[in-house]
There are 2 protein chains.
Amino acid sequence: MDERIHEHAEVLVDWSARVEDGDDVVMTVGPDAHPLAVAVAEKLGERGANLVTTYASGEVQRAYLRAHDDDFDQDPDHELALYEHADVGLYLGGGRNTSAMADVPAEKRQAHSKATQGLMEARMDTDWVSTVHPNRSLAQQAGMAFEEYQDFAYDAILRDWESLAEEMARMKSILDDGSEVRIVKDGTDLTMSIEGRTAVNSAASVVYDSHNLPSGEVFTAPADPEGEVTFDVPMTVHGQRIKDVTLTFEDGEVVDYAAVQGEDAIEEVVETDEGARRLGELGIGMNRGIDRVTDNILFDEKMGGTVHLALGRAYDACLPEGESGNESAVHVDLITDMDEGSRMEVDGEIVQRDGRFRWEDGFEG
Amino acid sequence: MDERIHEHAEVLVDWSARVEDGDDVVMTVGPDAHPLAVAVAEKLGERGANLVTTYASGEVQRAYLRAHDDDFDQDPDHELALYEHADVGLYLGGGRNTSAMADVPAEKRQAHSKATQGLMEARMDTDWVSTVHPNRSLAQQAGMAFEEYQDFAYDAILRDWESLAEEMARMKSILDDGSEVRIVKDGTDLTMSIEGRTAVNSAASVVYDSHNLPSGEVFTAPADPEGEVTFDVPMTVHGQRIKDVTLTFEDGEVVDYAAVQGEDAIEEVVETDEGARRLGELGIGMNRGIDRVTDNILFDEKMGGTVHLALGRAYDACLPEGESGNESAVHVDLITDMDEGSRMEVDGEIVQRDGRFRWEDGFEG
């Protein structure tokens with residue numbers, strides 16, 4: 001077995017999920033994530049955890065959902081009991097076709113999600129971590145050769161997380177202490193308030209309230225955006241490719257939008273509800289192991305030297321105690337590359353210029 | 001998808017497990033049983049059942065068990081809760097290597113089984129059914145080509161179960177009404193008491209108390225065997241090949257044993273405990289779809305025209321109310337072919353001769 005699979009398992013179990021002796025763990029395995037499942041099972045055995053392994057197949061789910069009459073039972077007892085008694089949930093993604101569920105009608109998926117809201121909450125109440133086993137299907141989605149993709153994915157996953165967490169702590173304290181963020185680049189001049197908000201140091205560990213491996217971003221919940229922003233990192237939104245989206249904000253709301261490709265998808269997002277016209281997240285990508293776009297949001301939004309903004313729902317963790325986030329049914333991330341000619345200011349001080357942070361070599365303020 | 005996979009799923013869900021609207025189902029899938037899992041998920045969706053899919057991989061289990069220190073927690077909460085809230089358990093076997101757990105020490109497996117006895121009981125309390133998806137690993141074990149093995153397995157699984165159940169009911173009533181069974185063939189003349197015992201019509205459905213697909217045997221719990229019996233169907237016992245085992249019974253107990261191959265394995269069984277020297281089961285194979293030995297007990301013991309006897313534990317279902325079966329830690333089936341020159345008598349009347357039952361064409365009494 002590729003030694004990196006063992007290292008991935010160790011990071012997942014020890015750094016990310018902090019599994020301890022006696023923990024009741026549910027490990028969910030994609031059909032193509034078998035090698036990682038074997039390596040994780042070994043680590044869980046070493047730690048003395050208790051293991052239930054579930055199988056997450058898009059093809060099984062597709063067959064079930066398409067055959068069902070849509071009148072789904074509310075939070076089935078057996079599955080709810082499993083997660084209510086679990087301490088840790090590990091999600092090892094890796095299907096054989098990222099479009100496996102393409103022909104499941106959206107209403108069917110929504111009806112099922114709605115009926116299993118309690119299950120989702122029970123899963124989120126565990127110490128859960130999502131990761132992916134790099135496989136051929138994900139390589140294809142990224143437009144990369146398989147071995148090339150493995151190298152890419154493990155560069156992103158096998159970081160020195162402790163030192164990255166320290167670096168990200170600097171960014172967190174700048175945002176926590178700041179009142180206003182300004183982003184400037186070609187086609188972009190946007191200001192947002194972050195007054196009274198708390199940033200999350202998303203360092204790929206449950207102890208940082210961070211549930212993705214890889215992670216490597218610092219994010220907060222901005223308010224009152226004003227100005228224009230262009231998102232030049234291409235991505236897939238609701239199954240549609242989008243390219244060079246421009247949003248114009250006035251009085252905190254989207255008043256105009258345009259896109260070179262996929263403008264329909266953006267329209268669909270913006271028209272969802274009131275909250276979808278406001279911002280729910282400002283995220284700063286700081287994972288330097290991610291050096292290219294692979295059309296997988298788990299990786300793309302953490303890319304070192306990018307910034308993403310989400311239309312829609314905000315995370316409670318970023319808000320003052322008792323305050324609820326920007327209410328919306330959606331949370332759609334859009335990414336901009338903060339490369340040559342760009343800068344980010346907090347309260348007028350430059351924190352990032354030409355893709356370099358203030359504390360990095362080559363930064364010119 | 002091979003149409004037979006859909007038919008297999010339908011037999012499993014409708015005939016065997018009798019799944020109904022609202023049932024909470026746990027479907028356990030081997031790594032190579034994915035196509036069957038997809039077909040079964042479709043049927044479960046149609047029936048309106050609720051589905052949790054678990055993953056049964058020998059490689060995952062091996063890694064976990066080998067890494068664990070043997071001090072296993074008793075019946076982990078989350079897994080126990082899952083099965084205590086489940087109505088139906090479907091086991092879709094099909095690994096990629098039947099020897100996947102070969103290097104897990106026996107003591108480790110035993111320690112784990114012992115710690116999870118309550119889990120096993122909770123699983124057995126559901127309407128459970130075990131089946132296998134014919135794959136290359138099972139074909140190899142059977143010494144058959146893959147397509148040849150598929151034809152074999154589907155012949156065994158896709159029976160007219162209703163009519164086979166009726167045929168087996170005849171055998172059940174003969175055994176229920178009888179007092180003594182005698183088996184005679186070359187190297188074999190054995191009598192057993194079946195007085196007061198109840199036979200199980202194992203027709204591959206939970207409504208018949210039958211939990212294997214394929215099934216197709218009628219079995220009871222015999223007592224006081226007397227005489228000699230030769231088992232000429234080769235099989236694997238405790239990982240060892242055995243061939244032509246002969247057992248001699250006096251006063252209901254094994255007093256002598258011999259084997260052309262694997263005598264050590266038989267010794268190990270017989271020496272386990274007191275109960276291992278007595279018989280726990282007399283089974284009559286009646287599935288004519290199984291026409292050859294494939295070194296898989298799920299199939300071999302149901303082969304039409306064979307009889308098997310088990311050393312060790314008896315099934316409670318065969319015993320008078322309140323009576324407990326032959327106590328033993330083992331239950332090891334041994335099979336003899338009732339072909340040319342053999343006969344089975346119940347209370348002196350011939351029920352089977354030269355491999356033909358009394359009601360079959362070609363039977364000569």
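Against which helices of chain B do the buried residues of α5(B) pack? Keep that question in mind while opening this predicted model, and begin by selecting helix α5 of chain B, residues 106-115, whose buried residues are B:Lys108, B:His112 and B:Ala115. Seen down the axis of α5(B), these buried residues fall within an arc of 65 degrees, so they line one face of the helix. Now add α3 (58-67) and α6 (117-124) of chain B to the selection, since the buried residues of α5(B) pack against these two elements. Turning to the face of α5(B) that points away from its buried side, one finds the exposed residues B:Glu107, B:Gln110 and B:Lys114.

**A second helix in chain B**

Next select α10 of chain B, residues 263-270, and colour its buried residues, B:Ala265, B:Ile266, B:Val269 and B:Val270. They cover an arc of only 130 degrees around the axis, which puts them on the same side of α10(B). An α-helix has 3.6 residues a turn, so residues three or four places apart point the same way. To see what the buried residues of α10(B) pack against, show the strands β10 (235-237), β11 (240-250), β12 (253-261), β14 (306-312) and β15 (331-337) of chain B.

**A buried threonine**

Staying in chain B, move to B:Thr294, which lies in the loop between β13 (279-285) and α11 (297-300). Is B:Thr294 buried or exposed? Its relative accessible area is 1%, and because buried means under 20%, B:Thr294 counts as buried. With its neighbours within four places in sequence left aside, the residues in contact with B:Thr294 are B:Gln141, B:Ala142, B:Met144, B:Tyr149, B:Phe152, B:Phe299 and B:Asp300.

**Strands of chain A**

Switch to chain A and display the open sheet of 5 strands, which are ordered β7-β8-β13-β14-β15 and pair in the antiparallel sense. At its edges are β7 (200-202) and β15 (331-337) of chain A, each of which pairs on one side only. Neighbouring strands in this sheet are turned against each other by 20 degrees on average, direction ignored. Within the sheet, zoom in on β8 (residues 217-220) and β13 (residues 279-285) of chain A, two antiparallel strands joined by 4 bridges; here A:Thr220 has A:Leu282 in β13(A) as its bridge partner. Then bring in helix α9 of chain A, residues 161-177, which packs on the sheet by touching β7, β8 and β13 of chain A, with a direction that makes about 20 degrees with that of β8(A).

For a further strand pair, select β11 (residues 240-250) and β12 (residues 253-261) of chain A, which pair in the antiparallel sense over 7 bridges, with A:Leu247 standing opposite A:Tyr257 in β12(A). These two strands form a hairpin with 2 residues between them, and A:Asp251 in the turn has a positive phi of about 50 degrees.

**The two chains together**

Finally, show both chains: a turn of 180 degrees and a shift of 0.0 Å along the axis lay chain A on chain B with an RMSD of 0.1 Å. The two copies are thus related as by a two-fold rotation axis, and in chain A the C-alpha nearest that axis belongs to A:Thr54, 1.9 Å from it. The same surface serves both copies, as 100% of the contact residues of chain A recur in chain B.

How many residues does the contact take from chain A and from chain B? Each of the two chains gives 40 residues, and between them the chains bury about 3,400 Å², of which 65% is on carbon and sulfur atoms. As a last selection, pick A:Tyr55, A:Tyr64 and A:His78, which supply 22% of the area that chain A buries against chain B, more than any other three residues.

How values were computed. Residues numbered from 1 in each chain as written. Chains lettered and ligands numbered in written order. Predicted model: local features only at pLDDT ≥ 70, side-chain atom pairs only at ≥ 80, totals over all residues. Heavy atoms only, no water. Buried < 20%, exposed > 50% of the residue type's maximum accessible area, 1.4 Å probe, protein only. Arc of directions from axis to C-beta. Contact = heavy atoms within 4.5 Å. Least-squares fit on C-alpha atoms with pLDDT ≥ 70 in both. Pairing = 2+ DSSP bridges. Axes fitted to C-alpha atoms, helices over the stretch in contact; angles between N-to-C directions. Buried area = accessible area lost by both parts, 1.4 Å probe.
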